[in-house]
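Please examine the sequence and the three-dimensional structure shown below before reading further. The report that accompanies them is written for a reader who is new to protein structure.

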Amino acid sequence: MIKVKDIKLSELEMRGAYCDALIAVAEKNDKICAIDADVQFSMGTIPFYKKFPSRGINCGIMEAHAVGFSAGMSETGMIPFFHAFGTFATRRVFDQVFLSCAYQKLNVKIIGGDAGVTATANGGTHMPFEDVGIMRTIPNITIIEPADPAIYKTAVQYMADTHGVCYVRSCRRKVWQIYDENAKFEIGKANVLFKGKDVAIIACGIMVYEALKAREILEAEGISASVIDMHTIKPLDEKTILKFAKECSAMVVAENHNATSGLGSAVAEVLIENNPIPMERVAVFESFGEVGTQDFLQNKFKLTAEEIVLKAKKAISRKK
C-alpha cells in the first residue's frame, strides 16, 4: 500500500506542478519541447517558454495543425508535449492523433486540461466527459489521470523516458494533496490506499479524494472499504482489479467522466471476462457539461463521496 499523507489543499496548482516537472525533465533532455494551441497561460507553460525560448512553439488555436506539427517534430527526434483543453486535445484532433501519431508509432505526449467538471466556468463546450473513451480506442496509447501534484511529476518523468503516444487528463487548479511529495509511483500499477473487505472503491483524478471521504463515512457505519487510485487508465492494472474483486466481491468505480467508455467501462470489461461481481458506477450519465463552480457541478452530476457511499451499499446488497 501507499501511505496517504495528511490531506490538505495543494500549495501548487496542477498546471504549476506540471510545468515545474516539464522544466525538470527538459533540463536533462534537450529533445523535449512544448507545443501549445494558444493556451500557455491556461495550461501553465509560460515558465517553460521563458526557460527554453527555442523549445516552445505556439501554433495558435489550430489544434489539428498542432498535433500534425508535433508528429513532425517527433519524426526529427524531438519529444513534443502538446497542450490544449481536454475537449480539443482529443475529440477535435482524434484523426491526427490516431493516424499521424499513434499509427506511425511516434513519440508524442498530449496534455488535456480542465478534465470533466473542473472546466467550471468554461462550460459544456470545454468540458470533456468523453475524452478517455475516445482515446482508449487507440492501440498502445497510455492514458493517465493524476490525482495530485506528486503523482503528476511521476507521469511527466514517465512520458519523458518512454517512447509512444501518451494522454494525460488533468485539472488546472489546486486539488487535495493526497500523497507525500516524495512518494514513488509506477505508471501502469494502481495505488492501493486502503484495504477493506466489504467493497472496493476504484477511482481516478479528483474522485480519489471523494473515495477517501466515502471510505470514512462507510467505516463509521461498520462497512470496510478498500480504496484504489487507478491513475493509469490504459494500460489498466487488471491484476489489482481482480485481486480486490476476489477479496471484496463488490466494487464501485468513480470517475469525473462519462459513465460510457471511461474507467468504469474498462473495469467492467475486465470483470465480465474474468470474475463477474456486483459493480456500480459513479460518473456522468447521459449529460453534456454546463457552466458552474466545481462544487456545484460535482453535486449536480453526483460526483461526490455521498454518491459513492450509496453505490457501495447497493453493490454490497447485490452480493450473492
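This report describes the sheets, a buried arginine and the aromatic side chains. The model is a predicted one.

## The seven-stranded sheet

Strands of a sheet pair through backbone hydrogen bonds, and the pairing may be parallel or antiparallel. In this structure, one open sheet contains seven strands in the order 3-2-4-5-7-6-12, and its pairing is mixed. Strand 3 (56-58) and strand 12 (232-234) are the edge strands, each of them pairing on one side only. On average, neighbouring strands of this sheet are turned by 20 degrees against each other, direction ignored.

At one end of the strand order, strand 2 (residues 32-36) and strand 3 run parallel and are joined by three bridges. Within this pairing, Ile35 has Ile57 of strand 3 as its bridge partner. Helix 8 (residues 149-161) packs on the sheet, where it touches strand 2, strand 4 (79-85), strand 5, strand 6 (142-144) and strand 7. The direction of helix 8 makes about 165 degrees with that of strand 7.

## The five-stranded sheet

Another open sheet is formed by five strands in the order 9-11-10-13-14, again with mixed pairing. Strand 9 (191-194) and strand 14 (279-284) stand at its edges; each has a single partner strand, so one side of each is left without a neighbour in the sheet. The average turn between neighbouring strands of this sheet is 20 degrees, direction ignored.

Strand 10 (residues 199-203) and strand 13 (residues 251-258) run parallel, and four bridges join them. Ile202 stands opposite Val253 in strand 13.

## A buried arginine

Is Arg169 buried or exposed? Arg169 belongs to strand 7 (residues 166-170). Its relative accessible area is 0%, and therefore Arg169 is buried, since buried means under 20% relative accessible area.

A polar atom of the Arg169 side chain lies 3.1 Å from the backbone oxygen of Pro128. When neighbours within four places in sequence are left aside, the residues in contact with Arg169 include Gly112, Asp131, Ile144, Glu145, Asn256 and His257.

## Aromatic pairs

A pair of aromatic rings is described by two values, the distance of the centres and the angle of the planes. The structure has seven aromatic pairs. One of them is formed by Phe85 and Phe88, whose rings are 6.4 Å apart from centre to centre with 65 degrees between the planes, an edge-to-face arrangement. Phe85 counts as buried at 11% relative accessibility, and Phe88 is buried with a relative accessible area of 10%.

Phe129 and Phe301 also form a pair: their ring centres are 5.4 Å apart and their planes stand at 75 degrees, so this pair is edge-to-face. Phe129 lies in the loop between strand 5 (109-113) and helix 7 (131-136), while Phe301 lies in the loop between helix 12 (294-300) and helix 13 (305-317). The pair therefore ties together parts that are 172 residues apart in sequence. Phe129 and Phe301 are both buried.

## Charges over rings

Which residue has its charged end over the ring of Phe194? The residue is Arg215, and its charged end sits 3.8 Å from the ring centre. In another case, Lys243 lies over the face of Phe244, at 4.6 Å from the centre of the ring.

Definitions and conventions
Residues numbered from 1 in each chain as written. Predicted model: local features only at pLDDT ≥ 70, side-chain atom pairs only at ≥ 80, totals over all residues. Heavy atoms only, no water. Phe/Tyr/Trp six-rings, centres within 6.5 Å; stacked < 30°, edge-to-face > 60°. Buried < 20%, exposed > 50% of the residue type's maximum accessible area, 1.4 Å probe, protein only. Helix = DSSP H or I, 4+ residues; strand = E, 2+ residues; numbered from the N terminus. Lys NZ or Arg CZ within 6 Å of the ring centre and 35° of its normal. Polar contact = N/O pair within 3.5 Å; in protein donor to acceptor, adjacent residues only side chain to side chain. Contact = heavy atoms within 4.5 Å. Pairing = 2+ DSSP bridges. Axes fitted to C-alpha atoms, helices over the stretch in contact; angles between N-to-C directions.
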